[in-house]
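Thank you all for making the time this morning. I would like to walk through one structure with you, and I will try to keep to what can be read from the coordinates.

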Amino acid sequence: MHLYQAQTSPARPTRPSNNAPISASSSSTISNFPNIPLNKQLSNPTKKNKTLFQHCLKDIAVPRALQEGIQVLRVFANGKTTRMTMKLSDDKFTLFLNHGIPGSNKATNKRWSMMSRKNGSELDRVIDVGGISEIQRGHSRRNFQMARTRTDSIKSLMSNISLDNSSTAPSSQQSMADVLDPSLCFSILFRGAWTLDLMMPSSSTSISRDEILNALDQIVYTYQSAKVMVSNDVLLLRYVWREAEKETTGRAGSNELQKILKRINYHIPSTKKFNDSYDKFGKMIHLDRKMRKQGLTFEQTASFLHKLKRDSWLAKPVNRYWNRLFGDQMKNGKARKDVSAQTFLTKFLHDFQGEDEATLEQVQRLFIHLNALQLPRSDDAIEIPDDPSSRIDKVRFEAYLNSEENDAFEPLREKYNKDCMRRPISEYWINSSHNTYLTGDQITSASSVDMYSNALYRGCRCLELDIWDGEIVDMQPCPVVWHGHTMTSKILFKDIIRAIKLFLNFHPDTFPLVLSFENHCSIPYQEVMAQQLVRILGSSLYIPSETSLQGSLPSPMDLKGMVVVKGRRPTDLDLDDAEDYEDDVSDDGAPSTVFGSEYAGDGGEQAANRKKNTNSKISPSLARLTLFHGNKLKSWETSILNPTHYMHSFSENKVRSLARKTDRRTWTVYNETHMSRTYPAGSRVDSSNYLPILPWSLGCQMVSLNFQTNDVALKLNDGRFRENGSCGYVLKPDSLLEMHDKVETKDPNTLKVAIRILSGACIPKPNEQKTGEVINPYIKVSMYDIKNGEKAGFQSFDSGVCGNNGFNPIFTSDKFSFRVDNPAVAMLHLAIYDKESTPTKPDALVASASIPVSVLRKGLRSVKLFDTANTRSGAIGFASLLIEVKKSIGVVAANDMDDFIAREATRAKKVAIMAEF
């Protein structure tokens, strides 16, 4: 039982400090609500403190200039710039960017408060603080990179950057790199993948960039801390409220409310029925005809929405489980309206949820929090008891079921555990990327420094750089990164290192960043690489000594805040025994994919030509900076005897080949003390990914994926590295760390996992679209596992479709059962799709979640949903599923599996009412 213990989720917020970037998420502990006084909330339970959240940002000090409007330059994807005004709304919940300048007619208060979209130019961007996922300092992102390379941008920028004849305006002799001062640049990432790249002009001397960003950091942090006191449907309503307000009165009439309901995917059968419900509710809260015509306030709208939900209360799973667990009647024969802490502990947490360690004190603390929630008022609301730790009603029970405290993902495993970070680095799975620089396919896409920042903020801790000889500028070699022998673009090696250093400056507690070098450079260029690494990274660069290379590898804690190089460090500086990218030639090399006749590529003439072009020497200055030395696999027996800093790299095809051989167990033993890196086959020119399950099961640490492709494999990777505070390092299970002492059994015990899909909450439209029809959601339930110890596979079933309802969909309670052969690495994947009415159109993915079976909790559980960028920003931050999970240990005979799978496939197609497990 872990109620009210600190949990860590992806992009966990930390209290802002000077220059500290913020990430959006929420905490679920009462200690993280310092801005909301608990005693005051409970002092007058009848009013329920309905406006606390609406005013939670009121007391945050922000520069006056930000609320009046400050000039910024926006940098677009093509490198062009335009002058805009950035302004914070009066309630500090909304950030506006307008094409006008402060004080101009285009920047009037009326225009700031409107949601005009005429011609897409009146108001360029409206960003809700709840949608902000990251605020990054500096100019490492791609748009800034494009601006620096444009020959025509300097003139445009000069005209935009100066409001007057200030002496601080740039001269025509200045380069774009000089004008784009990193101390003035910043990027706001919101709604998952959206980005605004901005710069404050140097002529704005009255306020600094960091004053602005520190204020925004504090606003985002306070929002994330305060929102745990409000139900998700109220948060969603606030998120879309400003868009629906036609005027600035703070009220929404019948027409606006219908737009709100459609936006949040609540189906309205007919306008007449809705108007009747609207008038009935208005009369119930004593609004006369004139007041009803003026519209409902935000608080009144929240109560109206709550009432619409409660009209279908009997059909909701929470009602069935409430009656099933606690009974629909009290001992005195009256209808049950609440439940005591002791009953909740015994009948729900202990007996149903299997949380045997839960205590009454923990439940009482939970009840205090639940009774302090700011929930919408309803006509049949039950007053909060004098002792808020004693009882909760059904509404607050439902709030708990959909909360993060009840997450299906084990909270203690999601939380960062500093005590497990002192083992040798070879004992961890490491979040790793492949060809990190690419924005798309492997042949023609652009290379971008942005991709390194994106990967780092997504939790990646092993980055790949393919480094080649570039041009000579001012008699200085310039190493470049690109996918050699393709049409991909080139970026400077030093720009990538600068971006990594910038990330470390704002995240000094990051666990080691491994730079995986595929080095094709000649000696002079390697010398420059070494110089740039030392100069840019400084004390952040780990330089191993000869004595440190003896014995076990260092731990992640030993290397905290450091950059570690993987490349070549042969003892005699000769590459005869060093890794020569043999696997990369056959599976990852451009010759086999671009110029070869087939995509298979097992070497051949193309590989021979590639080897001739690969340098056979390594610069001593670069070698001394290298910790992990890649070398050839001759035999596992030989490799195990190598120093621990020697490692191997394999393509996915090689991984499958080795897994089929009898030395599979020896490889796993090797991975206890040495490192292995795997990567996609060269035939994946579309940058698709392979399933990471198999190499994980072999103990491979760096299972590298294409982070630019948001496919299922990457989502499984996201779910795996939710563990341990999303720090990018997850300690491998004991089954992979004790192979040298273990006798491998042929038929280990399997796990049976049963999943019942019950309902959803606040499911948005695909890609967070603001318009369009109400969605028709269904859930694809998949289990990814290792079969027969050597092959990754999966079973997948679809739930029934809930038509015209994304706000509170109720599903048909189909139960899907899975046999799990390898619980240590198996992953449950839940994906929500919008069913298309047109058979030829593919169903659109809305959101998803991946949960390792090893951390999947049994019982009635909530599932947090994520967008394709693995964030919970914007509308997706309020979305969740409610499922029931059963786990049991047992063996399913191999000859029963065909029947087992056939039965489940048949079950998946049926639409049945809920039955008891």
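I will begin with the sheet, go on to two helix pairs, and end with some buried elements and a single residue.

Before anything else, please keep in mind that what you have in front of you is a predicted model.

Let me start, then, with the sheet, which is open, has seven strands, and follows the order E4-E3-E2-E1-E7-E6-E5 with antiparallel pairing. Strand E4, residues 125-128, and strand E5, residues 132-137, stand at the edges, and because each has a single partner strand, one side of each is left without a neighbour in the sheet. From one strand to the next, the twist averages 30°.

Within that order I would like to look at strand E1, residues 70-75, which is mostly covered, with six of its six residues buried. Its side chains can be sorted by direction: Ile70, Val72 and Arg74 point one way, while Gln71, Leu73 and Val75 point the other way, and all of these are buried, the arginine included.

Which strands does E1 pair with, and over how many bridges? On one hand there is strand E2, residues 81-88, which runs antiparallel to E1 and is joined to E1 by six bridges. On the other there is strand E7, residues 194-199, where the pairing with E1 is again in the antiparallel sense and extends over three bridges. Val75 is a convenient residue for following both pairings, since Val75 stands opposite Thr81 in E2 and has Asp197 as its bridge partner in E7. The hairpin formed by E1 and E2 has five residues between the strands, and there Gly79 takes a positive phi near 90°.

Going out to the edge strand E5, we find five bridges joining E5 to strand E6, residues 185-190, and these two strands also run antiparallel. In this pairing, Arg137 stands opposite Phe186 in E6.

That brings me to the helix pairs. As a reminder, two packed helices are described by the angle between their axes and the distance between the axes.

The first pair I have chosen is helix H10, residues 271-284, with helix H12, residues 298-310, which pack at an angle of about 120° with their axes 11 Å apart. H10 and H12 are therefore oblique to each other, and their crossing is right-handed. The contact is made by Phe274, Ser277, Tyr278, Phe281 and Met284 on the H10 side, and by Gln300, Ser303, Phe304 and Lys307 on the H12 side. By residue class, this contact of H10 with H12 divides into five nonpolar, three polar and one charged.

The second pair is helix H14, residues 341-350, with helix H16, residues 394-401, where the packing angle is about 40° and the axes are 15 Å apart. That angle makes H14 oblique to H16, and the crossing of H14 and H16 is right-handed. Here Phe344, Phe348 and Leu349 in H14 meet Phe397, Tyr400 and Leu401 in H16. What classes do the residues of this contact of H14 with H16 fall into? They divide into six nonpolar, no polar and no charged.

Let me turn to two helices that are buried to a considerable extent. In helix H13, residues 317-326, seven of the ten residues are buried, so H13 is largely enclosed by the rest of the structure. The buried residues in H13 are Pro317, Val318, Asn319, Tyr321, Trp322, Leu325 and Phe326, and H13 is followed by Gly327, whose phi is positive, near 85°.

Helix H18, residues 450-457, can be described in a similar manner: six of its eight residues are buried, so H18 too is largely enclosed by the rest of the structure. In H18 the buried residues are Asp450, Met451, Tyr452, Ser453, Ala455 and Leu456. A glycine with positive phi follows H18 as well, namely Gly459, with a value near 105°.

Finally, I would like to pick out Leu235, which lies in helix H8, residues 232-244. Is Leu235 buried or exposed? With a relative accessible area of 1%, Leu235 counts as buried, because the cut-off is under 20%. If we leave aside its neighbours within four places in sequence, Leu235 is in contact with Phe53, Tyr223, Lys227, Val230 and Phe878. From C-alpha to C-alpha, Leu235 and Gly130 are 8.9 Å apart in space, although 105 residues apart in sequence.

That is where I will stop, and I am glad to go back to any of these regions.

Conventions
Residues numbered from 1 in each chain as written. Predicted model: local features only at pLDDT ≥ 70, side-chain atom pairs only at ≥ 80, totals over all residues. Heavy atoms only, no water. Buried < 20%, exposed > 50% of the residue type's maximum accessible area, 1.4 Å probe, protein only. Helix = DSSP H or I, 4+ residues; strand = E, 2+ residues; numbered from the N terminus. Pairing = 2+ DSSP bridges. Axes fitted to C-alpha atoms, helices over the stretch in contact; angles between N-to-C directions. Parallel < 35°, antiparallel > 145°, perpendicular 65-115°, else oblique. Left-handed = near helix turned anticlockwise from the far one by under 90°. Contact = heavy atoms within 4.5 Å. Nonpolar A, V, L, I, M, F, W, Y, C, P; charged D, E, K, R; others polar.
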